[in-house]
Amino acid sequence: MSTHIHLIGVCGTAMATLAAMLKRKGFNVRGSDQDVYPPMSDFLAAEGIPTLAGYRPEHIGADLDLVVVGNAISRGNPELEEVLDRKIRYCSLPEAIREHFLWGARSVVIAGTHGKTTTAALTGWLLTHGGADPSVLVGGIVRNFGDHGSSYRLGQGREFVIEGDEYDSAFFDKTAKFLKYLPDVAVINNVEFDHADIYPDLEAVTLAFRRLVNLVPRRGLLLIGADSPGARALAGSAVSRVETFGTADDTGAALDWQAHDLEPTCDTTRFKVRRHGSAFGSFEVPLVGTHNVRNALAAIAVAADASLPVDRIADGLRLFAGVKRRLEVVGIADGVTVYDDFAHHPTAVAETLAALRGANPATRIWAVFEPRSASSCRRIFQDDFATAFAGADEVLIAPVFRSKLPDAERLSIPQLVQELQARGQSARASESIDDIVSVIAREHRFGDLVVLMSNGGFGGIHQKLLRALA
């Protein structure tokens, strides 16, 4: 008799992916969500997972063995109340992943404030291409997996590469998700302040990462992004082997893995790697920006630790097809290339624009930004955003998505625009998405690059803009 599992909040990327993985393991899986719409509704339908619209007590049938509670679900949700009243076994998403997939695996946890999805995708792909046949779970659509890209793959090998998120787990568990992932190998790319809705300060964020470091077994491996002071500071608390990776010469200590001689072209980056000071190999990755070289370097280090030969790693890196929403070209119209990017933290915005600028030194770049995440809507990053758009020629800022925040806490867009203009940048506040579309449609020139940055749907601006340009 098969186990029946119900997921409350099944349309989140991670929850939908978990549902698909559980179904492929032979469980009887269904789920519910407030809003059931593409792309996740299409994904769930293709995976054969029944999805119920809305939250109702009757969705919690008598046949259920386990309920997975999504991290957006809180007390008062009719399905959750039914589960609690009837004492049906329930768990969080990270607990379900650990229980059903990680105990028997060699767990490779990719963590850090930025670059998790790309680094996990690169690592999973290098191991796949190298014949290790890993399982992989990431928070984005990896183009190398499946016919049309996928956020997961289930392999027969021992490695399980998982994106480790520092956000909390569920209404009943406010600790970071990555603390459930049993790391044999942990990658910490960088550590900065983020998630202002749940972490009071940088020290609280750092503590979560310190706890992750403390979970890696003696024979395990901790890979530390040495270009980040916040990550570097964690090395001392490790019990496992530690290796550092980065691009900088000035970190004060010799790097175990160093990328050097970076050569950007318009859509790839060539670089060389030293391991323990000796030449290791020459590589090319179809991504731009120093941050993506760091991401690739972490993946190379994991692949080398899994005994993959250098030429196989280099070959895999060249064939990496990217992740959706990470500087993804969504279309070209009237000579204007439109990119979609997930950047929402000031560091990510700055790195994305610097990458595009490095690859296109003479091109006019438009940065269009929606403050949407819990942190980017808040005043906490007011000063950081003022320097984040240096790589752009034209800056358009959309209205703050979370308009319910009190004025004292909310990012001030007039102030941000004023500070950008004081730095000599062309910056404007936009009333609406239609306003942004009409400005670009009116003022664009042939060859312009437009980067649309938001961690949400941005009101469908991508297609609206392409239609207006065409």
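Start by selecting L223 and E243: E243, in strand 14, is the bridge partner of L223. The two strands here are strand 13 (residues 221-225) and strand 14 (residues 241-246), which run parallel and are joined by five bridges. Two strands count as paired if DSSP finds at least two bridges between them. Helices (H or I, at least four residues) and strands (E, at least two) are DSSP runs, numbered from the N terminus.

Before you go on, note that this is a predicted model, in which local features need pLDDT of at least 70 and side-chain atom pairs count only at pLDDT 80 or more, while totals for chains, interfaces and linings use all residues. Residues are numbered from 1 along each chain as its sequence is written, and side-chain values use heavy atoms, with hydrogens and water left out.

**Stop 1: the sheet around strand 14**

Next, select F245 and look across to W257 in strand 15, which stands opposite. Strand 14 and strand 15 (residues 257-264) pair in the parallel sense over two bridges. Now show the whole open sheet: 10 strands in the order 8-7-9-6-12-13-14-15-16-17, with mixed pairing. Which strands stand at the edges? They are strand 8 (150-153) and strand 17 (278-285); each has a single partner strand, so one side of each is left without a neighbour in the sheet. From one strand to the next, the twist averages 15 degrees. Such angles run from 0 to 180 degrees between N-to-C directions, and the axes are lines fitted to C-alpha atoms, for helices over the stretch in contact.

In this sheet's order you will also find strand 7 and strand 9. Strand 7 (residues 135-142) and strand 9 (residues 159-163) pair in the parallel sense over three bridges. Pick S135 and you can find its bridge partner in strand 9, F160.

**Stop 2: strand 4 and its partners**

Select strand 4 (residues 66-69). Are its faces covered or exposed? Both are covered: L66 and V68 on one side, and V67 and V69 on the other, are all buried. Buried means under 20% relative accessible area, exposed over 50%, and partly exposed in between (1.4 Å probe, protein chains only).

V68 is a handy guide to the strands paired with strand 4. L7 stands opposite V68, and strand 1 (residues 4-8) runs parallel to strand 4, joined by four bridges. In strand 5, C91 is the bridge partner of V68; strand 5 (residues 90-92) also runs parallel to strand 4, with three bridges between them.

**Stop 3: E81**

Now go to E81, which has its place in helix 3 (residues 78-85). Leaving aside neighbours within four places in sequence, E81 is in contact (heavy atoms within 4.5 Å) with R75 and G76. Draw a distance from E81 to R56: they are 25 residues apart in sequence and 9.9 Å apart in space, C-alpha to C-alpha.

**Stop 4: the six-stranded sheet**

Select strands 18 to 23 to show another open sheet, of six strands in the order 18-19-23-20-21-22, with mixed pairing. Strand 18 (328-333) and strand 22 (426-429) are at the edges, each with a single partner strand, so one side of each has no neighbour in the sheet. On average, neighbouring strands are turned by 20 degrees against each other, direction ignored.

Zoom in on strand 20 (residues 365-369) and strand 23 (residues 449-453), which pair in the parallel sense over five bridges. Here F369 stands opposite M453 in strand 23. Now add helix 10 (residues 346-359), which packs on the sheet and touches strand 19 (336-341), strand 20 and strand 23. Its direction makes about 165 degrees with that of strand 23. Helix 13 (residues 433-443) packs on the sheet too, touching strand 20, strand 21 (394-397), strand 22 and strand 23.

**Stop 5: two arginines in a loop**

Follow the loop between strand 20 and helix 11 (382-388) to R372. R372 is buried, with a relative accessible area of 19%, and its contacts beyond four places in sequence include F401, R402 and F458.

In the loop between strand 20 and helix 11 you also find R378, which is buried at 17% relative accessible area. Beyond four places in sequence, R378 is in contact with A196, D197, L405, E409, R410 and L411.
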